[in-house]
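Biologist: Hi! Could you walk me through the salt bridges in this one?
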Amino acid sequence: MKTNFIFYSILLSCCLVFNNTLSQNADRDFKYPNIILLIGDGNGLSQISAGNYVMGNQTAFDRFEFVGLIKVHADEVSILTDSAAAGTAIACGKKTKSGMLGMDAEKNELTSILEILKGKGYQTGLIATSTIVHATPAAFYAKVEARSEYELIASQLMSSSVDFFVGGGEKYFIEREDGKNLIKESKQFEFVDNLDDFRSSQSEKIGYLTHENNPPSLLEGRTPTLGESLSVLLEKFDSNKPFFAMVEGSQIDWAGHDNDIEFLISEFKEFNQAIDISLDFAENNPSTLVIATADHETGGLSVNNGNLENNTIIDAWGTGGHTATFVPVFSFGYDAIEFSGLYENTEIFHKLKNIVSH
């Protein structure tokens, strides 16, 4: 009798484990993960290192589970890229020429991961500390031959798969050469003037154009912060549906172009806060994937020396432009291990697509 009892107890335990495994797999099959993709424009490994030492040798990047590296070259003879080509590679999975958005080098239009996820029932949002028609955010919805076609990009945003957005560039919607006022003419988006109105709006598609043109730097008093915008965006998403959010710390790149370490560190700290907010959300919502990466490195920054006791660094710069160095990819949460290793930047698109294909 005792032997039979032990046998049936073991059998029951095995059945419970098996059923639990099936239940977990069912959740993975039928409930897609939330995805938060944070892109620090120009935020290479040296920028992260500089921010780390200035912030007391600890940042939000320490919280990630896995780290990878991506190759950032564009589809050109030159190995240098720009934010348009790099953004397109990440968003659409194809290398292209610098300056092109949502198109391959032969000018064929591409489908972005945002558009694919929208087709699977995702809610979608974009946040940038540049204009919302700037290269990186535009790579997720626009199809243009030249990133400078801001008015055309604005028009495409109005009919895009984007549900919520926050960024500058109001002039490209209302002060246009074609005389149109896209804000007044919009039948889909409700445009708001502040984050409180963004939060309280009941519209399914909401746009907040924070500044007439490019937002100022944080040192110049930019509001809202990236973290504030992200917190409100996360509140807007319906918890019964998965979401995709692309969050860009745009002006890390501008600081690199200026070789301005004070400017860089202020923008890095803000981006770091947005990462903390994202990871806090993921820890409380396990079916969430958080990725933090860069489109390229800017400025050829090196950290030559410093002092850990007073959190200072001695910086040096190699260029006022972009470099071709690999940039890191940090990942946390749902299938985060898939983003470890060394691979082309186009693989971020394919890895995300694969996650929602099984």
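Modeller: Happy to; here is a short tour of the charged pairs. This is a predicted model, where local features need pLDDT of at least 70, side-chain atom pairs count only at pLDDT 80 or more, and totals for chains, interfaces and linings use all residues. Residues are numbered from 1 along each chain as its sequence is written, and side-chain values use heavy atoms, with hydrogens and water left out.

Biologist: Cool. How many salt bridges are there in the whole structure?
Modeller: The search finds 14, a salt bridge being a side-chain nitrogen of Lys or Arg within 4 Å of a carboxyl oxygen of Asp or Glu.

Biologist: What does glutamate 115 pair with?
Modeller: Lysine 143, with the closest N and O atoms 2.8 Å apart. Glutamate 115 sits in helix α4 and lysine 143 in the loop between α5 and α6, so distant parts of the chain, 28 residues apart, are linked (helices are DSSP runs of H or I, at least four residues, and strands of E, at least two, numbered from the N terminus).

Biologist: And is lysine 143 buried or exposed?
Modeller: Buried, at 14% relative accessibility; buried means under 20% relative accessible area, exposed over 50%, partly exposed in between (1.4 Å probe, protein chains only). Glutamate 115 is partly exposed at 21%.

Biologist: Switching pairs, which lysine does aspartate 163 bridge to?
Modeller: Lysine 118, again at 2.8 Å between the closest N and O atoms. Aspartate 163 is buried, at 6%, while lysine 118 is partly exposed, at 31%.

Biologist: Last one: which residues do shared partners join into one network?
Modeller: Arg63, Asp276, Asp280 and Glu283.
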